[in-house]
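Let's take a walk through a protein model together. Keep the picture open as you read, and follow along from one stop to the next.

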Amino acid sequence: MTDLRTRDATRDDLAAVLRIRNRSFGPLGIGGTDWWDRVAAETLGGRMVVVTDGDGAVVGAGRIRPFEQAWGGRHLSMGGVAGVYVEPSARGRGVATTLTRALVARMGELGDVVSCLFPTAPALYRRSGYEVGGVQSRTTFPSHLVRALGSAADGRRVRPATPEDADTLTVLTRTAQARHGQSGPMVPRAEVFRRMLEEQTLITYVAGHDAGSGEPTGFVVYDLSGEAATVEHLVAADAATAAALWGVVGSGSSAVPTVHTYLDPRDPVMLALAGLPEASVTQVPWMARVIDLAPAFAGRGFATHTSAAVELDVADPDAPANAGRWRLAVDGGSGTATRVAEAAPDASGGAMGSGGADASVSCVDARGLAALWCGWSASRLRLAGLLDGGSPDTDAALDAIFAATPYITEYF
Ligand SMILES: CC(C)(COP(=O)(O)OP(=O)(O)OC[C@H]1O[C@@H](n2cnc3c(N)ncnc32)[C@H](O)[C@@H]1OP(=O)(O)O)[C@@H](O)C(=O)NCCC(=O)NCCS
């Protein structure tokens with residue numbers, strides 16, 4: 001479609017955007033109006049972009065949610081792309097492609113240095129430089145095993161959380177992500193926890209307020225429906241706190257035989273449980289993109305004992321901040337990305353790999369960079385056609401630098 005334009009959505013566009021949303025996903029359900037008001041409050045003013053056709057009619061929309069996400073245990077601004085939809089009669093003519101490119105550019109302007117999304121049309125996002133970063137996992141345990149964990153609580157007590165605990169929940173989450181050097185999970189803002197606690201939509205307990213400073217040392221957020229308890233968050237600073245929180249979740253095993261968890265697939269509960277999770281694990285893939293390599297790399301945490309440096313050519317026409325030849329260096333837990341040449345030698349000739357490139361230098365396009373960022377090994381990237389050039393030695397350096405098994409726990 002020619003004459004497509006993108007611009008910020010205004011309040012006057014909301015009715016048209018909602019109409020397209022409803023033509024894509026069906027009418028809003030109960031509570032949908034409140035949800036839509038929150039969407040508008042969060043994203044109007046630069047985080048909701050619309051596409052218009054030659055007549056100025058809105059034919060597509062997408063938004064960028066303002067998230068904070070851990071990478072190597074340090075926190076980066078992450079643009080969570082959501083609400084991408086195109087008027088059905090305008091589909092198949094490049095509206096969404098135009099939109100996602102505009103969203104990538106906008107995230108660069110906003111300072112969101114990385115981006116993630118849950119795709120329904122992965123080819124659309126691959127075209128804009130996204131690649132599969134990991135999965136959101138739902139792991140299921142028999143409740144009686146979870147209940148048994150409570151015996152290690154060492155007298156640690158739990159109490160229901162109140163809205164006054166919201167800041168503490170955010171701080172505990174952030175601290176735990178740093179402690180474990182986690183990559184992928186987001187930190188819910190205090191106002192999100194506060195609203196959840198005020199509305200009492202989920203069951204929330206804090207633990208550890210009875211020990212030491214009187215400050216909680218952990219919390220759990222879960223809900224009960226049908227025959228399962230579903231744990232959305234469980235954060236603990238020590239083993240006794242974890243035991244106390246798991247114990248309260250499992251305490252209802254007589255009535256609720258199953259516990260689902262949306263947590264780190266390597267949550268230490270896996271090591272503590274006197275048994276294994278049930279065989280069925282549900283996984284929802286998400287995709288990631290690097291928006292601005294230099295600040296993203298400088299902000300990410302790395303393994304303290306890793307010391308490595310490598311040159312990397314990046315071709316990324318949609319995010320020029322990423323393009324060029326980079327020297328990536330990691331030492332003492334911190335990294336620097338220094339652009340040593342303005343453009344990768346083959347940037348004009350396609351994604352990567354062909355004539356003109358210096359074969360001794362590893363070379364990726366935006367998708368390859370996204371995959372590297374998310375810890376896919378160089379050997380795997382090569383098999384997927386996402387990494388050219390370099391040598392076994394540079395592959396090993398890339399693997400050491402980007403080592404991670406990222407996961408996201410919240411669907412958005
Ligand atoms: C998915 C959607 C946004 C695509 O919009 P669009 O303007 O038709 O997309 P484009 O014309 O830019 O197509 C870009 C690419 O997306 C992919 N794509 C588009 N529609 C798709 C579909 N229904 N299923 C799978 N992939 C699709 C194709 O790879 C397409 O490239 P191609 O036409 O060269 O094969 C649109 O169909 C829509 O609004 N669907 C309902 C809501 C939705 O699923 N939103 C995405 C949420 S992540």
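Start with a single pair: Leu 117 has Met 287 as its bridge partner, and Met 287 sits in strand 12. Keep in mind as you look that this is a predicted model. The pair belongs to a bigger arrangement, because strand 5 and strand 12 (residues 282–290) are joined by four bridges and run antiparallel.

Now stay with strand 5, which covers residues 114–117, and ask which of its residues are buried. On one side you have Val 114 and Cys 116, on the other Ser 115 and Leu 117, and all of them are buried, so both faces of the strand are covered.

Strand 5 also pairs with strand 4, and here the two run parallel, with three bridges joining them. If you'd like a landmark, find Gly 80, which stands opposite Cys 116 in strand 5. How does the chain get from strand 4 to strand 5? It goes through helix 3 (residues 95–110), and the resulting β-α-β crossover is right-handed.

Helix 3 turns up again around the ligand. Together with strand 4 and helix 4 (122–126), helix 3 is among the elements that each supply at least two residues of the shell there. The shell is made of 16 residues, and the closest are Arg 91, Ala 96, Thr 97, Ala 123 and Leu 124. What kinds of residues make up this shell? Sorted by class, nine are nonpolar, five are polar and two are charged.

Time to zoom out. The chain is divided into domain 1 (5–129), domain 2 (137–284) and domain 3 (292–402). Between domain 1 and domain 2, the C-alpha centres lie 31 Å apart. Their contact takes 10 residues from domain 1 and 12 residues from domain 2. On the domain 1 side, the elements giving two or more residues are strand 3 (58–71) and strand 4 (74–86). Strand 3 provides the largest share, five residues. By class, that side of domain 1 has four nonpolar, four polar and two charged residues.

Next, hop over to helix 7 (residues 190–199), where you'll find Leu 197. Is Leu 197 buried or exposed? Leu 197 counts as buried because there are 20 C-beta neighbours inside 10 Å, and 20 or more is what the label asks for. Leaving out residues up to four places away in sequence, Leu 197 touches Ala 161, Thr 162, Pro 163, Asp 165, Ala 166 and Thr 204. You can also look across to Val 221: that residue is 24 residues away from Leu 197 along the chain, and their C-alpha atoms are separated by 9.8 Å.

Just past the end of that helix comes Gln 200, in the loop between helix 7 and strand 8 (203–207). Gln 200 isn't a glycine, yet has a positive phi of about 50 degrees. Gln 200 is exposed, because it has 10 other C-beta atoms within 10 Å, and 12 or fewer counts as exposed.

Our last stop is Asp 154, in the loop between helix 5 (143–149) and strand 7 (158–160). Asp 154 isn't a glycine either, and has a positive phi of about 55 degrees. Why does Asp 154 count as exposed? The reason is the neighbour count: Asp 154 has 12 C-beta neighbours inside 10 Å, and the exposed label goes to residues with 12 or fewer.

Key:
Residues numbered from 1 in each chain as written. Predicted model: local features only at pLDDT ≥ 70, side-chain atom pairs only at ≥ 80, totals over all residues. Domains from an automatic or database assignment. Contact = placed C-beta atoms within 7 Å. Nonpolar A, V, L, I, M, F, W, Y, C, P; charged D, E, K, R; others polar. Right-handed = clockwise from strand over helix to strand, strands pointing away. Near = placed C-beta within 6 Å.
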